Amino acid sequence: MIPTGEATVGPFFPPRYVDAGANDLTRFEGHAAQGEAIEISGSVRQEDGAALENLVVEIWQADAKGVYRHPADPRHREADANFLGWGRAATDKEGGYRFRTVLPGAPAGRARHVNFMLMFSGLMRILKTTMFFEGGKANDADPVLAAVPAARRKLLVARQEAPGKYRFELKLRGEHETPFFDD
Amino acid sequence: MHYVIPPRDERTQPARIVPGYPQTPWRNPREPLIRRAPTLSELTGPLEVAQRVKLLGGDIAGRGDQQAIGQLIHLKLRVTDEDGAPVGGAVVEVWQANGAGRYIHPNDDDHAPVDKHFYGAARVLTDESGSFELRTVKPGAYPVPTKDGWWRPPHVHFSLFGKVWLQRLVTQMYFPGEPLNAQDRILNAVPDAQARERLIARLRPPAGDPYDALVFEHDIVLRGRRATPAQP
């Protein structure tokens with residue numbers, strides 16, 4: 001069977017679908033996740049630099065030990081019971097988004113990273129990218145980062161602003177355009 | 001269950017930059033998208049989203065004196081993967097305009113009337129057969145503020161969580177026989193005619209049950225095939 005055609009979320013994605021607390025991955029069902037709590041924030045802009053409001057950002061990541069809460073991960077029985085690994089945020093008037101999460105561990109064969117997905121009016125398809133961490137030990141050996149032309153790799157590495165605070169800017173088109181993946 | 005995600009057939013997916021859709025040239029990447037071999041990170045995904053977000057139920061037309069105005073419809077949807085296997089337990093988010101073509105959203109300042117009995121959002125789980133049902137009213141058409149006569153045909157929005165990250169899908173469903181379908185810039189951004197046809201629901205011949213609603217059926221196919229174990 002052939003996958004259904006994608007379409008834009010349009011301008012009217014219900015605000016109630018960005019549930020209160022959906023951008024806080026450090027707690028699940030009332031219990032605290034293991035690991036170092038961190039904040040990831042940034043802004044989303046289009047080609048002319050205009051900030052994009054009401055854009056939906058979703059993330060998916062491994063837990064503090066680098067384990068995915070999913071049966072395809074051979075280590076999934078070790079997954080942190082208090083960490084879902086998924087979150088959603090919507091951008092504000094300044095195009096800003098913010099997640100509270102835990103620093104992911106490095107999964108087998110990968111550097112520590114967070115998967116991002118962007119949905120918005122005028123995006124006919126979901127845009128997918130991956131964020132890496134400044135100073136991440138295995139960044140140079142990561143196969144996904146290696147697939148990106150060398151000159152653009154730094155655009156996927158979040159800057160550490162302060163201990164536990166990372167900044168990841170997203171530019172949909174134009175100068176400093178974020179690398180997106182054709183998956 | 002392990003999934004493999006084959007490359008897309010581009011003709012079955014929409015163009016990213018759409019003539020006459022003025023936001024698209026500003027927001028879609030100029031650089032070519034980058035191919036990558038999926039790793040565990042992309043071939044896993046959240047399976048318990050329903051424990052993080054609030055489900056809203058699938059009956060959004062209201063009842064009695066709280067009933068929304070419009071043509072009462074019953075949507076029967078089925079979600080499968082590329083192998084035709086049902087995708088059960090998937091969170092599906094649904095949103096649509098009211099019968100007059102108006103969304104309940106701060107961005108919608110259209111002239112069309114608000115229906116105080118219709119918010120237009122449902123969030124449900126698919127059952128083991130990948131199915132879910134929705135009792136709603138048929139959405140109205142509405143003009144897009146482009147000043148050159150683009151009206152969206154009646155349509156319903158869906159956002160679906162599959163079993164893995166790369167199965168995530170946002171799509172729109174259309175209604176059969178609508179004259180605006182042939183001109184819609186979003187529907188017609190999909191090059192392949194059969195792929196467009198698959199975005200249009202099928203009217204089931206009225207058979208008296210439910211007696212008060214027209215029944216439409218629609219299939220949604222998520223990406224991904226179940227991986228077969230490697231043969232020795």
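Begin by selecting L170(A), which belongs to strand 11 of chain A, a strand that spans residues 170–171. The model on display is a predicted one. With 24 other C-beta atoms within 10 Å, L170(A) is buried, since the threshold for that class is 20 or more. Next, display its contacts beyond the four neighbouring places in sequence: G42(A), V44(A), L118(A) and T178(A) are in contact with L170(A). Then add F116(A), and draw the C-alpha to C-alpha distance to L170(A): the two residues are 10 Å apart in space and 54 residues apart in sequence.

**The nonpolar core**

Keep L118(A) selected, as this residue leads to the next stop. The largest nonpolar core holds 97 residues. Those that touch the most other members are V57(A), L118(A), M119(A), F120(A), V92(B), V94(B) and L160(B). From this group, centre the view on F120(A). Apart from neighbours within four places in sequence, F120(A) is in contact with V9(A), L52(A), L55(A) and V56(A), and also with R27(B) of chain B.

**Where the chains meet**

Now colour the two chains separately. Contacts link 68 residues of chain B with 57 residues of chain A. On the chain B side, at least two residues each are supplied by helix 1 (24–27), strand 3, strand 8, strand 9 and strand 11 (214–221). Strand 9 of chain B provides the largest share, four residues. Colouring this side of chain B by residue class gives 32 nonpolar, 19 polar and 17 charged residues. For the complex, the predictor reports an ipTM of 0.96 and a pTM of 0.97. The average pLDDT of chain B is 94, and 98% of its residues score at least 70.

**The antiparallel sheet of chain B**

Hide chain A and select strands 3, 4, 8 and 9 of chain B. They form an open sheet of four strands in the order 4-3-8-9, with antiparallel pairing. Strand 4 and strand 9 (169–174) each have a single partner strand and stand at the edges, so one side of each lacks a neighbour in the sheet. From one strand to the next, the twist averages 20°.

Move to strand 3 of chain B, residues 91–96, which runs antiparallel to strand 4 and is joined to it by five bridges. To see one place where these strands face each other, select W95(B), which stands opposite A121(B) of strand 4. Although strand 4 is an edge strand, four of its five residues (121–125) are buried, so this strand is largely enclosed by the rest of the structure.

Strand 3 of chain B is also joined by five bridges to strand 8, residues 155–160, and this pair runs antiparallel. Select V92(B) here, and L160(B) of strand 8 will be found opposite. Both V92(B) and L160(B) were named above among the core residues that touch the most other members.

**The mixed sheet of chain B**

Change the selection to strands 2, 5, 10 and 11 of chain B. This open sheet of four strands has the order 5-2-11-10, and its pairing is mixed. Strand 5 (131–137) and strand 10 (202–203) are the edge strands, each pairing on one side only. Strand 2, residues 72–80, runs parallel to strand 11 of chain B, and eight bridges join them. Select V79(B) in order to find its bridge partner in strand 11, I220(B).

From strand 11, step back into the loop between strand 10 and strand 11 of chain B, where P210(B) is located. The peptide bond joining D209(B) and P210(B) is cis, with omega about 0°.

**Two loop residues with positive phi**

For the last two stops, display the backbone torsions. Select K147(B), in the loop between strand 6 (142–143) and strand 7 (151–152) of chain B. Phi of this non-glycine residue is positive, near 65°. K147(B) is exposed, with 8 other C-beta atoms within 10 Å.

Finally, restore chain A and select E29(A), in the loop between strand 1 (27–28) and strand 2 (31–32) of that chain. E29(A), likewise a residue other than glycine, has a positive phi near 50°. With 10 other C-beta atoms within 10 Å, E29(A) is exposed, whereas L170(A), where the tour began, is buried.

Note on methods. Residues are numbered from 1 along each chain as its sequence is written. Chains are lettered from A and ligands numbered from 1 in the order in which they are written. This is a predicted model: local features need pLDDT of at least 70, side-chain atom pairs count only at pLDDT 80 or more; totals for chains, interfaces and linings use all residues. A nonpolar core is a set of buried Ala, Val, Leu, Ile, Met, Phe, Trp, Tyr and Cys residues joined through C-beta atoms within 7 Å. A residue is buried if 20 or more other C-beta atoms lie within 10 Å of its own, exposed if 12 or fewer, and partly exposed in between; C-beta atoms are placed from the backbone. Two residues are in contact if their C-beta atoms, placed from the backbone, lie within 7 Å. Two strands pair if DSSP finds at least two bridges between them. Axes are lines fitted to C-alpha atoms, for helices over the stretch in contact, and angles run from 0 to 180 degrees between N-to-C directions. Ala, Val, Leu, Ile, Met, Phe, Trp, Tyr, Cys and Pro count as nonpolar, Asp, Glu, Lys and Arg as charged, and the others, Gly among them, as polar. pLDDT is the predictor's confidence in each residue, from 0 to 100.
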